[in-house]
Amino acid sequence: MLIQGFDSFVGLLGLAMLVLAVVAFVIALLAREDAYRAADKQTKTFWLVILGIAVLVNLFLGMLFLQIAGLIATIVFMVDVKPALKRVSGGGRRGSSSDGPYGPYNGNR
């Protein structure tokens with residue numbers, strides 16, 4: 001019974017790694033090539049190859065070592081490259097969280 005629970009946990013973990021790798025691959029695919037250069041990161045082709053390999057390893061190979069390597073590459077992309085691309089591309093919120101549609105909310109001061 002304990003082994004079955006562990007197997008289902010490992011399966012769920014593998015599914016989560018696959019989903020994260022697919023999401024990162026799609027984000028890398030949709031970003032512009034010049035944004036990678038402007039953010040001073042590796043090229044778009046580099047990240048598409050690395051993340052594509054991570055997706056394929058998670059789909060077809062059950063090798064835990066390769067899955068962990070793909071997970072590390074995916075996390076590096078999501079934590080380092082994606083925010084840099086967003087900054088360069090002009091994405092994200094501008095202003096503070098208290099800004100309304102006509103400017104900052106000052107609380108009737």
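In which helix is the place of Q67? Q67 sits in helix α4, and the views below start from its partner across the fold, N58.

**About the model.** This is a predicted model, in which local features need pLDDT of at least 70, side-chain atom pairs count only at pLDDT 80 or more, and totals for chains, interfaces and linings use all residues. Residues are numbered from 1 along each chain as its sequence is written, and side-chain values use heavy atoms, with hydrogens and water left out.

**View 1. Helix α3 and its buried residues.** Helix α3 covers residues 44-60; helices here are DSSP runs of H or I with at least four residues, numbered from the N terminus. Its 17 residues reach 24 Å from the first C-alpha to the last, close to the 24 Å expected at 1.5 Å a residue (the expected span is 1.5 Å times one less than the number of residues). Buried residues of α3 include W47, L51, A54 and N58, where buried means under 20% relative accessible area, exposed over 50%, and partly exposed in between, with a 1.4 Å probe and protein chains only. As a rule of thumb, an α-helix has 3.6 residues a turn, so residues three or four places apart point the same way.

**View 2. N58 and Q67, a buried polar pair.** N58 has a relative accessible area of 12%, and Q67 is likewise buried at 12%. Their side chains are joined by a polar contact of 3.5 Å, meaning a pair of N or O atoms within 3.5 Å; within protein, one must be able to donate a hydrogen and the other to accept it, and residues adjacent in sequence count only if both atoms are side-chain atoms. The N58 side chain also reaches the backbone oxygen of A54 at 3.0 Å. Leaving aside neighbours within four places in sequence, N58 is in contact (heavy atoms within 4.5 Å) with M17, L18, A21 and Q67.

**View 3. An aromatic cluster of F46, W47 and F77.** Ring pairs link these three residues, F46, W47 and F77, into a cluster. Rings of Phe, Tyr and Trp (its six-membered ring) pair if their centres lie within 6.5 Å; planes under 30 degrees apart count as stacked, over 60 as edge-to-face and the rest as tilted. The count comes to two aromatic pairs. F46 and W47 are edge-to-face, 5.4 Å centre to centre with 85 degrees between the planes. W47 and F77 have ring centres 5.5 Å apart and planes at 55 degrees, so this pair is tilted. The tilted pair links distant parts of the chain, with W47 in helix α3 and F77 in helix α4 (residues 64-89), 30 residues apart. Both W47 and F77 are buried, while F46 is partly exposed at 34%.

Note on methods. Helices (H or I, at least four residues) and strands (E, at least two) are DSSP runs, numbered from the N terminus.
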